[in-house]
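I opened this notebook to record, entry by entry, what I looked up in one model. My plan is to go from strands to helices and then to single residues.

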Amino acid sequence: MRGARRIEATVRTLDFGHQRSPGAGVDNNGSDNEQTTGSTTRGNGMLTGIVIDALDVARMDRFWLDATRGRTGGLHLRFVPTTKQKAAHKNRLHLDLAGGPDWEAEVARLLTLGATRADIGQGDVPWDVLADPEGNEFCVLRPGHPGVLADSGLVAICLDVSEEERHAQRAFWESQADWHAVESHDWGVRLRRTPASTVSLVMGPPMAPKEARNRLRLEVTQRDREPGEFLDASGNEFHVTG
């Protein structure tokens, strides 16, 4: 696996990802409407989901299913049990949701579901920063935000990348995810599975400090690789499934 370092002492996790909903992991908007395993995997690898540590797996599964309205662009959100609280600093990986035309009502809906407002030093920005019930930051993007191709649901996975490691991480994740760059600017790079895919992988600075194992981690399916947990070019854990 090019550039990846395998973590030998892996922790076995259970797949709780939206098992109670047959439509979970499928984009009900009609875009990327496909399962993320089996015959839909293209080539040797494919980004298929996000793994999220959770103190209360059932609550987090329910929150994110409701928050995304089940619209995840075909990606699975998989929750695994942990006993560790989220660290005080912001996560290196966070999710962006589309607020849609009535974004103020959408923010209010998310707060009713159990989200809280979060201050990570963002200042006056044209989007809303919230946190899920266990403190994981996420953003609600307003109409006209660059790169948003849907009015609801998950629209971006954002991974902190330092300026020094930007090109290495772009090459690494293009090879591992089989997603390809559609934008590259001073703020970073945006990858998509196809130009019309509703969810993008956005990478750019600044990069949060890493004091422990990342609470949110990318997951890729690679049929020709041994399953396990590995490190990317910046030392972020990610999962490989068969």
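**Entry 1, a strand pair.** I began with strand 6 (residues 127-131) and strand 7 (residues 137-141), which pair in the antiparallel sense over five bridges. When I looked for the partner of Leu 130, I found that its bridge leads to Phe 138 in strand 7. I note here that I am reading a predicted model, and I keep that in mind for each entry below.

**Entry 2, the sheet.** I then traced the open sheet of eight strands, whose order is 5-6-7-4-8-11-10-9 and whose pairing is mixed. Which strands stand at the edges? They are strand 5 (116-117) and strand 9 (180-185); each has a single partner strand, so one side of each is left without a neighbour in the sheet.

**Entry 3, helices on the sheet.** I checked what packs on this sheet, and found that helix 1 touches strand 4 (93-98), strand 7 and strand 8 (154-160), with its direction at about 40° to that of strand 4. Helix 3 (residues 166-177) packs on the sheet as well, touching strand 8, strand 9, strand 10 (188-192) and strand 11 (200-204), and its direction makes about 160° with that of strand 9.

**Entry 4, two helices together.** I looked up how helix 1 (residues 57-68) lies against helix 2 (residues 103-113), and their axes come within 10 Å and cross at roughly 165°. Because angles over 145 degrees count as roughly antiparallel, that crossing makes helix 1 roughly antiparallel to helix 2. The crossing is right-handed. At the contact, I listed Phe 63, Asp 66 and Ala 67 from helix 1, which meet Glu 106, Arg 109, Leu 110 and Leu 113 from helix 2.

**Entry 5, a hairpin.** I moved on to strand 13 (residues 228-231), where Gly 228 and Phe 230 point one way while Glu 229 and Leu 231 point the other way, and all are buried. Strand 13 runs antiparallel to strand 14 (residues 237-241), and four bridges join them; Gly 228, for example, has Val 240 as its bridge partner in strand 14. Five residues lie between the strands of this hairpin, and there Gly 235 takes a positive phi near 80°.

**Entry 6, one threonine.** Is Thr 221 buried or exposed? I found Thr 221 in strand 12 (residues 216-222), and it counts as buried because its relative accessibility is 4%, where the cut-off is under 20%. Its side chain makes a polar contact with the side chain of Thr 48 at 3.2 Å, and another with the side chain of Thr 241 at 3.3 Å.

Conventions. Residues are numbered from 1 along each chain as its sequence is written. This is a predicted model: local features need pLDDT of at least 70, side-chain atom pairs count only at pLDDT 80 or more; totals for chains, interfaces and linings use all residues. Side-chain values use heavy atoms; hydrogens and water are left out. Buried means under 20% relative accessible area, exposed over 50%, partly exposed in between (1.4 Å probe, protein chains only). Two strands pair if DSSP finds at least two bridges between them. A polar contact is a pair of N or O atoms within 3.5 Å; within protein, one must be able to donate a hydrogen and the other to accept it, and residues adjacent in sequence count only if both atoms are side-chain atoms. Axes are lines fitted to C-alpha atoms, for helices over the stretch in contact, and angles run from 0 to 180 degrees between N-to-C directions. Angles under 35 degrees count as roughly parallel, over 145 as roughly antiparallel, 65 to 115 as roughly perpendicular and the rest as oblique. A crossing is left-handed if the near helix is turned anticlockwise from the far one by less than a right angle, and right-handed if clockwise. Contact means heavy atoms within 4.5 Å.
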